[in-house]
Amino acid sequence: MTVAAAVAVLVGVLALATALGLLLRARTGRARPTRMNDTRTSTTADPTTADLAPAEAFGTEATLVQFSTPTCARCPATRRQLDALAAEHPGVTRLEIDLAERPELARRFAVMQTPTVLLLDRGRAVHTRFGGPPRPAELTAALDTVLTAPAAAPATTPGDESP
């Protein structure tokens, strides 16, 4: 291989790595809405999130679920960000799941990086997903959408109807 060919290969590899790095950076922390986020009207717990924690660990209005690992360098800053946001909004809580203790959840929720944050609505359905530390403006906008969504009508049982 000539020196010119080697330099051309090196430049090509560097260009490809730079493009992939920029793409990954552009996608990290972006909000990705789920398919059902606007159509869900049920007040029952979503079966995919119901077993994440006891019922009292979830917020009455919204829950910020953070998937972390012990070696995650960006997880402590994300934890502080989510705690501060939850403290500003009544009924919003943060729930942290250590994937080292519950690795089956990484597959179920397709967690490819930590932190991964899920925004759950009142019914514990996944409304928005963030891969990497959430961008503050996008996280706030997604949370505001969940908090301003009309609450689902409570289910009635026969005999509960008023005349």
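User: How should I read the pairing of two strands, and which residue in β3 is the bridge partner of Thr63?

Analyst: Two strands count as paired if DSSP finds at least two bridges between them. In this predicted model, Thr63 has Thr93 as its bridge partner in β3. That pair belongs to the two strands β2 (residues 62-68) and β3 (residues 92-98), which run parallel and are joined by 7 bridges.

User: What kind of unit do β2, helix α2 and β3 make?

Analyst: A crossover is right-handed if, with the strands pointing away from the viewer, the path from the first strand over the helix to the second runs clockwise. Here β2, helix α2 (residues 75-88) and β3 form a right-handed β-α-β unit.

User: How many helices and strands does the chain have in total, and what pattern do they follow along the sequence?

Analyst: There are 4 helices and 5 strands. Their order along the sequence is α-β-β-α-β-α-β-β-α.

User: How do I read the side chains of a strand, and which residues have the most contacts inside the largest nonpolar core?

Analyst: In a regular strand, the side chains alternate between the two faces of the sheet. As for the core, the largest one comprises 14 residues, and Leu52, Val65 and Phe67 have the most contacts inside it. The elements giving two or more residues to this core are β2, β3 and β4 (116-120). A second, separate core holds 13 residues, among them Leu85, Val92, Leu139 and Leu143.

User: Which residues does Phe67 touch, leaving aside those up to four places away in sequence?

Analyst: With those neighbours not counted, Phe67 touches Ile97, Leu99, Leu105, Phe109, Val111, Thr114, Pro115, Thr116 and Leu118. For the chain as a whole, among contacts with a separation of 6 or more, 73% are between residues 24 or more positions apart.

User: Where is the disulfide, and how far apart are its sulfur atoms?

Analyst: A search of the whole structure yields 1 disulfide. It is formed by Cys72 and Cys75, whose sulfur atoms lie 2.1 Å apart. The link of Cys72 and Cys75 is right-handed, with 90 degrees about the S-S bond.

User: Why do Cys72 and Cys75 count as buried?

Analyst: The cut-off for a buried residue is a relative accessible area under 20%. Cys72 is buried because its relative accessible area is 10%. Cys75 also counts as buried, because its relative accessibility is 1%.

User: What percentage of the chain's residues count as buried, and what is its accessible surface?

Analyst: Of the 163 residues, 33% count as buried. The accessible surface is about 9900 Å², and carbon and sulfur atoms make up 63% of that area.

Key:
Residues numbered from 1 in each chain as written. Predicted model: local features only at pLDDT ≥ 70, side-chain atom pairs only at ≥ 80, totals over all residues. Heavy atoms only, no water. Buried < 20%, exposed > 50% of the residue type's maximum accessible area, 1.4 Å probe, protein only. Contact = heavy atoms within 4.5 Å. Areas by Shrake-Rupley, 256 points an atom, 1.4 Å probe, with all protein chains shown as cover. Core = buried A, V, L, I, M, F, W, Y, C linked by side-chain atoms within 4.5 Å. Disulfide = S-S within 2.5 Å.
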